[in-house]
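Here is a guided walk through a single protein chain, meant to be read with the model open beside you. Take a moment to turn it around before reading on.

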Amino acid sequence: MDVVTAMMIPISGATVWAESAGSGPAIVFLHAGVADSRMWDAEFAELQVKYRVVRLDLRGFGRSHLVPGSFSFHGDVAAVMESLRVDRATLVGCSFGSNVALDVALAFPERVERLVLISPSVGDGGDSPDIRAFADREEAALGRGDLDGATEENLRMWVDGPHRGPGEVDPEVRRFVGVMQRLAFENPTPDGVKLDRVIPPARARLGEIQVPTLIVAGSLDVDHVLGVARRLKKEIPGARLEMIEGTAHLPTLEKPAEWRKLLLEFLPPR
């Protein structure tokens, strides 16, 4: 096992926290919008024995802060890979991280060997009444300065899901996600931040994805997300969809053994 290297990588006036370990085929983990790189603690520890593993905190999450100016999440991922001398990798993205992974695959196709898209997003959540209603509740809580309330709204939407109450979910999973989500709310958002996206957006270009793609979804997730998962399976050539029963938006944390079995079967053999 190689030494774990953690660093702050300078990128266009900002610094992005990243961590790398191991050797062999590379895997880059991209976290959900309700989390940060810590959601991959178990994968990072387990897979570094046989693979080169990289994880990072996207700007605005964990230890990576936003700064004024233009940037793109997919550009940051490519810059981290360049800094760590990772030429090509399997990208594993959950929720918001899956959208970033798709953007990387479109903007920098030479850097992507495989895609794993968990609880996938293509940036059109505003089309969903359920997600719009959640966003209104979250915004109202933040407007009151109620970070705990806004965090709880996220836990109810994304950890519990629409079909369960808080008491039906592992309390440790709720606590863990709550810590990460609250930190994201505490991170400052300065004026003058401009996000650049892939144009045309990924949702209009899914047929351009030409790498093996595994899609993973939780059976108790929001209907919109399940619809996105089915759409990706249909429109990405050769994509495979696997459902993890009894989980919502974060199946990797709720049923880690089942999830990692799917991942290991999909990764290049070692």
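How many aromatic pairs does a search of the whole structure find? The search finds five aromatic pairs. Please keep in mind throughout that this is a predicted model.

## Aromatic pairs

A pair of aromatic rings is described by the distance of the centres and the angle of the planes. Let us start with Phe 29 and Trp 40: their ring centres lie 5.0 Å apart and their planes meet at 40°, so this pair counts as tilted. Phe 29 belongs to strand β3 (residues 26-30), while Trp 40 sits in the loop between β3 and α1 (41-47), so the pair ties together parts that are eleven residues apart in sequence. Are these two rings buried or exposed? Phe 29 is buried, at a relative accessible area of 0%, and Trp 40 counts as buried with 0% relative accessibility.

Now find Phe 134 and Trp 158, an edge-to-face pair with 5.6 Å from centre to centre and 80° between the planes. Phe 134 is part of helix α4 (residues 129-143) and Trp 158 is part of helix α5 (residues 147-160), so this pair ties together parts that are 24 residues apart in sequence. Phe 134 has a relative accessible area of 6%, so it is buried. Trp 158 counts as buried too, with a relative accessibility of 10%. Elsewhere, Phe 61, Phe 71, Phe 73 and Phe 96 come together as one aromatic cluster.

## The chain as a whole

With those rings located, step back to the whole chain. Its secondary structure comes to nine helices and ten strands. The radius of gyration is 17 Å, close to the 18 Å that the globule rule gives for 270 residues, so the chain is as compact as a globular protein of that length. Along its principal axes, the C-alpha trace spans about 45 × 40 × 40 Å.

Of the 270 residues, 54% count as buried. Among the contacts between residues at least 6 apart in sequence, 73% join residues at least 24 apart. Turning to the surface, the chain exposes about 11400 Å², and carbon and sulfur atoms supply 53% of that area. The chain has 31 positive and 39 negative charges, and the mean positions of the two sets are 4 Å apart.

## Backbone details

Most residues other than glycine have a negative phi, and most peptide bonds are trans. With that in mind, which residues are worth a look here? Arg 85 has a phi near 60°, a positive value in a residue other than glycine. Ser 95 also has a positive phi, near 55°, and is likewise a residue other than glycine.

Where do these two residues lie? Arg 85 is in the loop between α2 (73-83) and β6 (89-94), and Ser 95 is in the loop between β6 and α3 (96-107). Arg 85 is exposed, with a relative accessible area of 74%, whereas Ser 95 counts as buried at 12% relative accessibility. The peptide bond from Ile 199 to Pro 200 is cis, with omega near -10°. Pro 200 is found in the loop between β8 (193-195) and β9 (213-218).

## Loop residues, inside and out

The loop between β3 and α1 also holds Ser 37. Ser 37 is buried, with a relative accessible area of 0%. Which residues is Ser 37 in contact with, leaving aside its neighbours within four places in sequence? Its contacts are Trp 17, His 31, Arg 55, Leu 56, Asp 57 and Arg 63.

For a contrast, look at Gly 167 in the loop between α5 and α6 (171-186). Gly 167 is exposed, and its relative accessible area is 78%. From Gly 167 to Val 228 there are 61 residues in sequence and 28 Å in space, C-alpha to C-alpha. A similar ruler can be laid from Arg 85 to Phe 176, which are 91 residues apart in sequence and 31 Å apart in space, C-alpha to C-alpha.

Conventions:
Residues are numbered from 1 along each chain as its sequence is written. This is a predicted model: local features need pLDDT of at least 70, side-chain atom pairs count only at pLDDT 80 or more; totals for chains, interfaces and linings use all residues. Side-chain values use heavy atoms; hydrogens and water are left out. Helices (H or I, at least four residues) and strands (E, at least two) are DSSP runs, numbered from the N terminus. The radius of gyration is taken over C-alpha atoms; the globule rule is 2.2 Å times the number of residues to the power 0.38. Buried means under 20% relative accessible area, exposed over 50%, partly exposed in between (1.4 Å probe, protein chains only). Contact means heavy atoms within 4.5 Å. Accessible areas come from the Shrake-Rupley method with a 1.4 Å probe; for residues, only the protein chains shown count as cover. Lys and Arg count as positive and Asp and Glu as negative; His and the chain ends are not counted. The place of a charge is taken as NZ of Lys, CZ of Arg, CG of Asp or CD of Glu. Rings of Phe, Tyr and Trp (its six-membered ring) pair if their centres lie within 6.5 Å; planes under 30 degrees apart count as stacked, over 60 as edge-to-face and the rest as tilted.
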